[in-house]
Amino acid sequence: MKKSTKKLALASLALAVCLPTASVGIIKAARAQEPAAYETETIVSAAVLKQGSKGGEVKEVQRRLKLWGYYKGSVDGVFGAGTRSAVISFQKKNGLTADGVVGKSTYKALGMTSSYEILAGQASSNSGNVNGFSSSEIYLLAKTIYAEGRGEPYTGQVAIGAVVLNRVRNSAFPNTISGVVYQKHAFTAVADGQINLTPNETAMKAAKDAINGWDPTGGALYYYNPAVATSSWIFSRPTVTVIGKHVFAI
């Protein structure tokens, strides 16, 4: 592994130590058990998926179907004939219309809660397009804030959102909210499934405040809880500020 690659990997692992103070929630999807852990997801916005579709949502559908034994191909984000066949098999098994198209009902059965809610219009009443970010991106940021920072002071919740946005703007990280959130090992809440919890109004407000430009961290790219952090690398990062239980660093 190249030195620069190793450093970035350690950076991602360092961010993963930021554990929320609330208890772990378990989300159960209709007819399908939620996978125990996530790998890399790059979901930009929810869309009806069919043969020929490409992108992060397709990749996540493939990953789940492969985990459950329906799909044997590569998890490459390309909705080909193999993916369609796997979707049809899943739909038949779960009593859905077996058309090979991933819409609201199939998203719900797969446990892809955010995609289902966005298509169903359940998220639209909670968020709108702000400063170039779509409602689905704002909702995902709010979910990240809620999963990672509920129990933290409000300023600390805005700060978590600001770190995500600072990473989006930094060339060393993915350039979308979804890319940053679902980067491998970046967030504990993604690894343990808490990212699927429904954000409250406080988290929604914190997400919008961060998107509107409030950055209580002064440009931080990392944060960690010193009570549980084990990476010596993260302790070497220059501290910008401390808010609640989290140290924010660059």
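Which residues in α6 meet which residues in α7? Keep that in mind while you get oriented; the model on screen is predicted.

**Whole chain**

Show the cartoon first. The protein has eleven helices and three strands. From the N terminus, the elements read α-α-α-α-α-α-α-α-α-α-β-α-β-β. Colour by burial next: of the 250 residues, 51% count as buried. Now turn to contacts between residues at least 6 apart in sequence. Of these, 64% join residues at least 24 apart.

**Stop 1: α6 and α7**

Select residues 135-149 for helix α6 and residues 154-169 for helix α7. Their axes come within 9 Å and cross at roughly 125°. That angle makes α6 oblique to α7. The crossing is right-handed.

Now show side chains to settle the opening question. On the α6 side, pick Leu141, Thr144, Ile145, Glu148 and Gly149. They meet Gln157, Ile160, Gly161, Val164 and Leu165 in α7. By class, this contact divides into five nonpolar, four polar and one charged residues.

**Stop 2: α6 and α10**

Keep α6 and add helix α10, residues 201-211. What angle do α6 and α10 pack at, and how far apart are their axes? The angle is about 115°, and the axes are 8 Å apart. This crossing is right-handed.

Pick Ile138, Tyr139, Leu141, Ala142, Ile145 and Tyr146 in α6. Across from them, in α10, select Ala203, Met204, Ala206, Ala207, Lys208 and Ile211. The class count here is eleven nonpolar, no polar and one charged. Leave Leu141 and Ile145 highlighted: they belong to the α6 contact with α10, and they also appear in the α6 contact with α7.

**Stop 3: the sheet**

Hide α10 and bring up the strands. In what order do the three strands lie? The order is β1-β3-β2, in an open sheet with antiparallel pairing. Select 222-224 for β1 and 239-243 for β2; these are the edge strands, each pairing on one side only. Neighbouring strands are turned by 25° against each other on average, direction ignored.

Zoom in on β2 and strand β3, residues 246-249. Four bridges join this antiparallel pair. For one of the partners, click Val242: its bridge partner in β3 is Val247.

**Last stop: α7 on the sheet**

Put α7 back in view with the strands. Helix α7 packs on the sheet and touches β1, β2 and β3. The direction of α7 makes about 30° with that of β3. So this view ties back to the first stop, because α7 is also the helix that lies oblique to α6.

Terms used. Residues are numbered from 1 along each chain as its sequence is written. This is a predicted model: local features need pLDDT of at least 70, side-chain atom pairs count only at pLDDT 80 or more; totals for chains, interfaces and linings use all residues. Side-chain values use heavy atoms; hydrogens and water are left out. Axes are lines fitted to C-alpha atoms, for helices over the stretch in contact, and angles run from 0 to 180 degrees between N-to-C directions. Helices (H or I, at least four residues) and strands (E, at least two) are DSSP runs, numbered from the N terminus. Angles under 35 degrees count as roughly parallel, over 145 as roughly antiparallel, 65 to 115 as roughly perpendicular and the rest as oblique. A crossing is left-handed if the near helix is turned anticlockwise from the far one by less than a right angle, and right-handed if clockwise. Contact means heavy atoms within 4.5 Å. Ala, Val, Leu, Ile, Met, Phe, Trp, Tyr, Cys and Pro count as nonpolar, Asp, Glu, Lys and Arg as charged, and the others, Gly among them, as polar. Two strands pair if DSSP finds at least two bridges between them. Buried means under 20% relative accessible area, exposed over 50%, partly exposed in between (1.4 Å probe, protein chains only).
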